[in-house]
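Welcome! Below are some short exercises, each followed by a worked solution. Have a look at the picture, then try each task before reading on.

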Amino acid sequence: MKHVLASGPSGKKVLVIDVGGTSVKILASGQTEIRSFRSGPTLTPVRMVSGVKKLAADWTYEVVSIGYPGPVLGGRPSAEPVNLGRGWLAFDFAQAFGRPVKVMNDAAMQALGSYKGGKMLFLGLGTGLGTTLIANGMVKPMELGHLPYKKGTYEDYVGRAGLERDGKKKWRRHVVDIVERFMAALQPDDTVIGGGNVKKLNALPQRCRAGENANAFCGGFRLWARTDVLPSNLPPGRARSKQKG
């Protein structure tokens, strides 16, 4: 890649960690290559930190941003992740990394990286349904996916389980219906559909734009920025995958 990702406006060198149900992806200020290793149901925070340190051993960073796949309250995980190991709630990330750490819900971090102004609704289609509203720069993570819908919840129909159960055709109809419901209720200026399964849509619902998974790294850098200026360039979304040691 020709462009080098600059450090954020704060001047700090940031390491961004995007923790997912199938992989952990990392990127640091000044680097051009997203690196990753497997996660899964045996991934504890201790193993996550160990894997990140090993993968980022040749990078320099002063602070850390973590996108966490679950609710975050007061900068700390408030519930154990559904698809990973246990021990996240009481874990001291700052002590483990030896640097200041900011933790944010993963959908909120991707939303922050996608934000262009005004009131933006972000919906992340992945293992579940991530939902975030950003209004005038204020990030408001939500758990709309757990609200009742039909015979279950919104997440039951547009998350991975609904896709596997109902097939792509019916899943796509549910996505359109749910997006329209949320847009009618929240009246956003801008609606972004992100997450790993956005690529499974034939076409985006009206008045929506697609988000990129790499925007999670924009959001992670932005957490430490003093202004709303985003890094000018992101590396491609493809990550160099490594096995977790």
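**Exercise 1.** What covers the buried residues of H6?

*Solution.* Keep in mind from the start that this is a predicted model.

Step 1. Find the helix: H6 runs over residues 215–222.

Step 2. List its buried residues, which are Asn215, Ala216, Phe217, Cys218, Gly219, Gly220, Phe221 and Arg222. Eight of the eight residues in H6 are buried, and the helix is mostly covered.

Step 3. Look for the cover. It includes strand S1 (14–19) and strand S2 (23–28), together with S4 and H3.

**Exercise 2.** Describe how H3 and H6 are placed relative to each other.

*Solution.* Step 1. Recall what to look for: two packed helices are described by the angle between their axes and the distance between the axes.

Step 2. Take both values. The axes of helix H3 (residues 106–114) and helix H6 come within 6 Å, and they cross at roughly 85 degrees.

Step 3. Name the arrangement. Angles of 65 to 115 degrees count as roughly perpendicular, so H3 is roughly perpendicular to H6.

Step 4. See who takes part. On the H3 side the residues are Met109, Gln110, Leu112, Gly113 and Ser114. They meet Asn215, Ala216, Cys218, Gly219, Gly220 and Arg222 of H6.

Step 5. Sort the contact by class: four residues are nonpolar, six are polar and one is charged.

**Exercise 3.** Work out which parts of the chain the Asp58 and Arg35 salt bridge links, and whether each partner is buried or exposed.

*Solution.* Step 1. Check the pair: the side chains of Asp58 and Arg35 form a salt bridge, with N to O at 2.7 Å.

Step 2. Place the partners. Asp58 sits in the loop between helix H1 (45–55) and strand S4 (63–68), while Arg35 belongs to strand S3 (residues 35–38). The two are 23 residues apart, and the pair links distant parts of the chain.

Step 3. Apply the cut-offs. Buried means under 20% relative accessible area and exposed means over 50%. Asp58 has 54% and therefore counts as exposed, whereas Arg35 has 8% and therefore counts as buried.

**Exercise 4.** Examine the salt bridge of Arg209 with Asp190 in the same way.

*Solution.* Step 1. The closest N and O atoms of Arg209 and Asp190 are 2.7 Å apart.

Step 2. Arg209 lies in strand S14 (residues 208–210) and Asp190 in strand S13 (residues 190–194), so the salt bridge ties together parts 19 residues apart in sequence.

Step 3. Arg209 is partly exposed at 21% relative accessibility, and Asp190 is buried at 17%.

Step 4. Look for shared partners elsewhere: Glu33, Arg35 and Asp58 are joined into one network by salt bridges.

**Exercise 5.** How many salt bridges are there, and how do Arg165 and Asp166 fit in?

*Solution.* Step 1. The count is five salt bridges.

Step 2. One of them joins the side chains of Arg165 and Asp166, at 3.1 Å from N to O.

Step 3. Arg165 is partly exposed, at 48% relative accessible area. Asp166 is partly exposed as well, at 23%.

**Exercise 6.** Sum up the whole chain.

*Solution.* Step 1. The chain has six helices and 15 strands.

Step 2. Of its 245 residues, 49% are buried.

Step 3. The accessible surface is about 12,000 Å², and 50% of that belongs to carbon and sulfur atoms.

Step 4. Among contacts between residues at least 6 apart in sequence, 62% join residues at least 24 apart.

How values were computed
Residues numbered from 1 in each chain as written. Predicted model: local features only at pLDDT ≥ 70, side-chain atom pairs only at ≥ 80, totals over all residues. Heavy atoms only, no water. Helix = DSSP H or I, 4+ residues; strand = E, 2+ residues; numbered from the N terminus. Buried < 20%, exposed > 50% of the residue type's maximum accessible area, 1.4 Å probe, protein only. Contact = heavy atoms within 4.5 Å. Areas by Shrake-Rupley, 256 points an atom, 1.4 Å probe, with all protein chains shown as cover. Salt bridge = Lys/Arg side-chain N within 4 Å of Asp/Glu carboxyl O. Axes fitted to C-alpha atoms, helices over the stretch in contact; angles between N-to-C directions. Parallel < 35°, antiparallel > 145°, perpendicular 65-115°, else oblique. Nonpolar A, V, L, I, M, F, W, Y, C, P; charged D, E, K, R; others polar.
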